[in-house]
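Work through the exercises below with the sequence and coordinates open. Each task is followed by a stepwise solution.

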Amino acid sequence: MFRDFILIGISFLSIFSVSLSAVNYGMAGCGLGSMIPAWKNDISQVIAATTNGSSSNQTFGITSGTSNCTNDGIVKAEKAQEVFVHYNQAGLESEMAAGRGERLDAFAQLLGCPTHSQQLGNLVKKNYSKILTTDTRKDSKLLLASLKKEIGSDLELSEACQF
């Protein structure tokens, strides 16, 4: 009887600790180490950090949105940008020529620099013929790469945007 009580208590505590770990990953952060169900004390944080560091999984988790890392990782942001350019290419090209428009504003948002949409518009209008070539008009991935190349060459936008 006493043994059953202890097993129930341990089961309850382990479920409780797993649910707590889903909310707070501790100082070691996300990664494989955060997925080990343990009490979040100093020793378990050291073990989690060692696991993350020794297996180099934390960087992959951050960029892919896995292993308890953010679900808006760099890989997902890149894919969202690709999809956006692919489905909005014709309208985006005309707005790039004008240097303004809703699609350019939305694109600035996807690049992580929504407050710099006017600068983005000015840049793409100025470099329109450089960005839009015969190849980039046929392939939205090439267009995205061309856009990012020009953004990367602009001091202000390369600092403001997270692409």
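**Exercise 1: aromatic pairing**

In this predicted model, the count of aromatic pairs comes to one, where ring centres must lie within 6.5 Å. Classify the pair formed by Phe84 and Phe107, and state which parts it ties together.

Solution.
1. The ring centres of Phe84 and Phe107 are 6.2 Å apart and the planes meet at 15 degrees; planes under 30 degrees apart count as stacked, so this pair is stacked.
2. Phe84 belongs to helix H4 (residues 74–98) and Phe107 to helix H5 (residues 102–110), so the pair ties together parts 23 residues apart in sequence.
3. Buried means under 20% relative accessible area. Phe84, at 15%, is buried, and Phe107, at 1%, is buried.

**Exercise 2: the sides of H5**

Determine how the buried residues of H5 are arranged around its axis.

Solution.
1. List the buried residues: Leu104, Phe107 and Ala108.
2. These residues cover an arc of only 100 degrees around the axis, which puts them on the same side of H5.
3. On the face turned away from that buried side, H5 carries the exposed residues Glu102 and Gln109.
4. After H5 comes Gly112, with a positive phi near 85 degrees.

**Exercise 3: the span of H9**

Check the end-to-end span of helix H9 (residues 140–153) against the expected value.

Solution.
1. The helix has 14 residues; at 1.5 Å a residue, it should span 20 Å.
2. The end C-alpha atoms of H9 are 20 Å apart, which agrees.
3. At the start of H9, the backbone nitrogen of Lys141 has a side-chain oxygen of Asp139 within 2.9 Å.
4. Buried residues in H9 include Leu143, Leu144, Leu147 and Ile151.

Note on methods
Residues are numbered from 1 along each chain as its sequence is written. This is a predicted model: local features need pLDDT of at least 70, side-chain atom pairs count only at pLDDT 80 or more; totals for chains, interfaces and linings use all residues. Side-chain values use heavy atoms; hydrogens and water are left out. Rings of Phe, Tyr and Trp (its six-membered ring) pair if their centres lie within 6.5 Å; planes under 30 degrees apart count as stacked, over 60 as edge-to-face and the rest as tilted. Helices (H or I, at least four residues) and strands (E, at least two) are DSSP runs, numbered from the N terminus. Buried means under 20% relative accessible area, exposed over 50%, partly exposed in between (1.4 Å probe, protein chains only). The expected span of a helix is 1.5 Å times one less than its number of residues. A polar contact is a pair of N or O atoms within 3.5 Å; within protein, one must be able to donate a hydrogen and the other to accept it, and residues adjacent in sequence count only if both atoms are side-chain atoms. The arc is that of the directions from the helix axis to the C-beta atoms.
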